[in-house]
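Hi,

Here is the structure I promised to pass on. Please open it first, and my notes on helix packing and on the empty spaces follow below.

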Amino acid sequence: MIYGIAGLCTAQIAFFSAINYSNAAVATVFQSTSPFILLVFTALKAKRLPSLLAGMSLISALMGIWLIVESGFKTGLIKPEAIIFGLIAAIGVILYTKLPVPLLNQIAAVDILGWALVIGGVIALIHTPLPNLVRFSKTQLLAVLIIVILATVVAYDLYLESLKLIDGFLATMTGLFEPISSVLFGMLFLHQILVPQALVGIILVVGAIMILNLPHHITAPVPSKPCQCTMPNQ
């Protein structure tokens, strides 16, 4: 129940809200900052500073976020709400990565995911009117089906299966394709325009994530469990 509500439901609603107040590329980059939230939390809990490389990656990420936000405010592409929902989505990433790990030792990934989606979906529908499907065009219905089946059920199930097969480093490295692809596809197919300042910011954030998730014997002691990776949501 906690995984479905605090993890999946929170992350999905916050992610789509961040897209609503900015765009897919910016929302994905904000969601991808989950490793740095985890890094700060781990450092505070251990009462010690992170390693030099981890600290440098955190500074790089903060600079990148600042560039993205500043350019977005100037061009009107980003609203303040996007930052709030983006950070909530990042926290949701940490929760939906950490919470199911103990369950995966005893329960099949598809069973965990199915119940989590049902529980999270019921919570999301509270005080939310059901949409009138008659008013949806065929294209809109197709888009909803793709989001539900491919971008949610299939994506989350594959992600849960990967948690049993690879470590956090590989999971995070493959997860980096999400913010990169979001930027490229947004520019190619959605005609989204990102000013050079925002592109530099995105590069700084993605580069910082790569540095942070180098093998733990090189950088800061970030937990080796795959709890700092991003998840495809689009």
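H3 and H4 are oblique to each other: their angle of about 130° lies outside the ranges for roughly parallel, roughly perpendicular and roughly antiparallel, the last of which needs an angle over 145 degrees, so oblique is the word that applies. Do keep in mind that this is a predicted model. H3 covers residues 34-46 and H4 covers residues 52-75, and the two axes lie 11 Å apart. The crossing of this pair is left-handed. On the H3 side, Phe36, Leu39 and Val40 make the contact, while H4 brings Ala54, Ser57, Leu58 and Ala61. Sorted by class, that contact holds 6 nonpolar residues and 1 polar residue, with no charged ones.

Next comes the pair H1 and H2. What angle do H1 and H2 make as they pack? The value is about 140°, with the axes 7 Å apart, and H1 and H2 are therefore oblique to each other. Their crossing is right-handed. Here Phe15, Ala18 and Ile19 of H1 touch Ala24, Ala27, Thr28 and Gln31 of H2. The class split for this contact is 5 nonpolar and 2 polar, again without any charged residue.

H2 (residues 24-31) also packs against H10 (residues 177-189), at an angle of about 165° and with the axes 8 Å apart. That makes H2 and H10 roughly antiparallel to each other, because the angle is over 145 degrees. The crossing of H2 and H10 is left-handed. From H2, the residues in contact are Ala24, Ala25, Thr28, Val29 and Gln31, and they meet Glu178, Pro179, Ser182 and Val183 of H10. This contact divides into 5 nonpolar, 3 polar and 1 charged residue. Ala24, Thr28 and Gln31 of H2 appear in the contact with H1 and also in the contact with H10.

Now for the spaces, which may interest you if you plan to look at the grid side of things. The largest pocket has a volume of about 790 Å³. It is lined by 22 residues, and those nearest its centre are Phe16, Gly121, Ala124, Ile147 and Val148. Three helices each give two or more residues to this lining: H1 (2-21), H7 (109-124) and H8 (138-163). Which of the helices gives the most to the lining of the largest pocket? That is H7, with 7 residues. By class, the pocket lining has 16 nonpolar and 6 polar residues, and no charged residue is found in it.

As for enclosed space, there are 3 cavities of 30 Å³ or more. The second largest cavity holds about 60 Å³. Its lining includes Asn23 and Val26, then Ile68, Ser71, Gly72 and Thr75, then Leu77 and Ile78, and finally Ile193, Leu194, Val195 and Ala198. H4 gives the most to this lining, with 4 residues. In class terms, the lining of the second largest cavity has 8 nonpolar and 4 polar residues, and no charged ones.

To put H4 in one picture, this helix packs against H3 with a left-handed crossing, and H4 also gives the most to the lining of the second largest cavity. Likewise, H1 packs obliquely against H2 and gives residues to the lining of the largest pocket.

Happy to talk it through whenever suits you.

Best wishes

Notes. Residues are numbered from 1 along each chain as its sequence is written. This is a predicted model: local features need pLDDT of at least 70, side-chain atom pairs count only at pLDDT 80 or more; totals for chains, interfaces and linings use all residues. Side-chain values use heavy atoms; hydrogens and water are left out. Axes are lines fitted to C-alpha atoms, for helices over the stretch in contact, and angles run from 0 to 180 degrees between N-to-C directions. Angles under 35 degrees count as roughly parallel, over 145 as roughly antiparallel, 65 to 115 as roughly perpendicular and the rest as oblique. A crossing is left-handed if the near helix is turned anticlockwise from the far one by less than a right angle, and right-handed if clockwise. Contact means heavy atoms within 4.5 Å. Ala, Val, Leu, Ile, Met, Phe, Trp, Tyr, Cys and Pro count as nonpolar, Asp, Glu, Lys and Arg as charged, and the others, Gly among them, as polar. On a 1 Å grid over the protein atoms alone, a cavity is a set of points where a 1.4 Å probe fits but cannot get out, and a pocket is an open set with protein on both sides within 12 Å along at least five of seven lines; lining residues have an atom within 4 Å of a point. Grid points are joined across faces, edges and corners, and a volume is the space filled by probe spheres set on the points.
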